[in-house]
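Subject: A structure to look through

Dear colleague,

I am handing over a structure that I would like you to read through alongside my notes. Please open it first and keep it in view while you read on.

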Amino acid sequence: QHESPRESRSGHRRCARHRKSRGGTSPGEWGEGFALTILFLKWTRRIYPINCWENVQNVLRISLVVALVDLNQSVGEECKSDLDGQFGEDNCIFIQCDVTDAGKLKDAFQNTVKKFGRLDIVINNAGINNEKNWEKTIEVNLTSVIQGTYLALEHMSKEYGKEGGVIINVSSMAAFLHSPHQPVYTATKHGVIGFSRAIADASEQGSYGVRINTLCPAFVDTQLLRTVEHEETMGKFVKYKDEFKQRMDKYGVLKPSLIAEGMLLIITDESLNGAVMKITCSKGIHFHTYEPLSA
Ligand SMILES: NC(=O)c1ccc[n+]([C@@H]2O[C@H](COP(=O)([O-])OP(=O)(O)OC[C@H]3O[C@@H](n4cnc5c(N)ncnc54)[C@H](O)[C@@H]3O)[C@@H](O)[C@H]2O)c1
């Protein structure tokens, strides 16, 4: 069962699963990473009880088509062909795009809507860990998330005559547990939370009909974690890599499947707007709590 922030702040059971199979409900893995910036579409307006994974699988099997947007052509094509194999062709498109190219990102949204007719769920997930080229890290991790959110609103917000939807922006536990090893990465992930919470309030007050939430995983076993040891990505901060690796040993490394589980919960819980979901080895899926504002 999903524990929403209004109910309980305690941990969530661990349950490995993600790959959807037509025939069964057995858990599986994506393999490497939850790698792609993903736009889910055609979200059904029917309410499904999501008290078990089987129901979630059924909802996805029946209701969704997906646009995968990523810089990496080969990974994108591989993911598309995997999804085609499981769900049939025409339910997924891959669009090769650098999210820092504002024109191309705009086209990616437009082409998605042209293909599928509507847009309901957007996940701004692309991220890099590069302290040497820190300007690029800001562009990918923060500017593109802001750009992706504004484009998503153009296609989903009632302000623009659309029907509403949900946006998930991917931050990191680095926003809560800063490290000398990643100063700019840390800053971008703080920025994602601040932006997402503020725009979530704007959405609520402006009746956009769009829920905007943030997901903050701790260390996850993906390609990104493999950049932390190298001078070409970490620059002079590479000297702190041993301290960083000690933290990984201390706090543990999550499987991508648990992040996928948290992602589905934050998408489907219609009570959530401005929420910040944290996923850690010790507490599983849970939510950050904020003090009420006081003068
Ligand atoms: N791996 C971790 O420990 C961890 C922890 C917390 C948060 N995160 C965040 O999760 C998100 C996903 O990262 P991941 O761990 O799956 O890493 P990953 O490297 O496996 O995936 C990142 C994806 O982003 C794509 N990408 C990078 N730059 C791009 C660009 N300019 N345009 C389009 N696509 C681009 C890459 O091709 C890749 O497919 C990131 O925002 C990351 O900061 C990761």
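What follows is a description of the fold as a whole, then of its helices and strands, and then of a few single residues.

Please keep in mind that this is a predicted model, in which local features need pLDDT of at least 70 and side-chain atom pairs count only at pLDDT 80 or more, whereas totals for chains, interfaces and linings use all residues. Residues are numbered from 1 along each chain as its sequence is written.

The protein chain holds eight helices and eight strands, where helices (H or I, at least four residues) and strands (E, at least two) are DSSP runs, numbered from the N terminus. Of its 295 residues, 39% are buried; a residue is called buried if 20 or more other C-beta atoms lie within 10 Å of its own, exposed if 12 or fewer, and partly exposed in between, with C-beta atoms placed from the backbone. Two residues are in contact if their C-beta atoms, placed from the backbone in the same way, lie within 7 Å, and among contacts between residues at least 6 apart in sequence, 71% join residues at least 24 apart.

Helix 4 (134–156) is a good place to begin. Its axis lies 9 Å from that of helix 5 (residues 183–205), at an angle of about 10°; axes are lines fitted to C-alpha atoms, for helices over the stretch in contact, and angles run from 0 to 180 degrees between N-to-C directions. Helix 4 and helix 5 are therefore roughly parallel to each other, a term that covers angles under 35 degrees. Residues that make this contact include W134, I138 and L142 of helix 4 and V184, V192 and F195 of helix 5. By class, the contact has 10 nonpolar, five polar and one charged residues, where Ala, Val, Leu, Ile, Met, Phe, Trp, Tyr, Cys and Pro count as nonpolar, Asp, Glu, Lys and Arg as charged, and the others, Gly among them, as polar.

Helix 4 also meets helix 3 (residues 102–116), with axes that come within 10 Å and cross at roughly 35°. Here A102, L105, K106, F109 and V113 of helix 3 touch S144, Q147, G148, L151 and H155 of helix 4, which gives five nonpolar, four polar and one charged residues.

Turning to the strands, strand 6 (residues 210–217) has eight of its eight residues buried. In a regular strand the side chains alternate between the two faces of the sheet. In strand 6, V210, I212, T214 and C216 are buried on one side, and R211, N213, L215 and P217 are buried on the other. Strand 6 pairs with strand 5 (residues 165–170) in the parallel sense over six bridges, pairing being assigned if DSSP finds at least two bridges between two strands. Within this pair, I167 stands opposite I212.

Finally, some loop residues deserve a look. N133, in the loop between strand 4 (121–124) and helix 4, is partly exposed because it has 15 C-beta neighbours inside 10 Å; its C-alpha lies 8.6 Å from that of M234, although N133 and M234 are 101 residues apart in sequence. D90, which is not a glycine, has a positive phi of about 80° and is found in the loop between helix 2 (73–87) and strand 3 (92–96). S207 lies between helix 5 and strand 6, and its phi is also positive, near 50°.

With best wishes

Conventions. Parallel < 35°, antiparallel > 145°, perpendicular 65-115°, else oblique.
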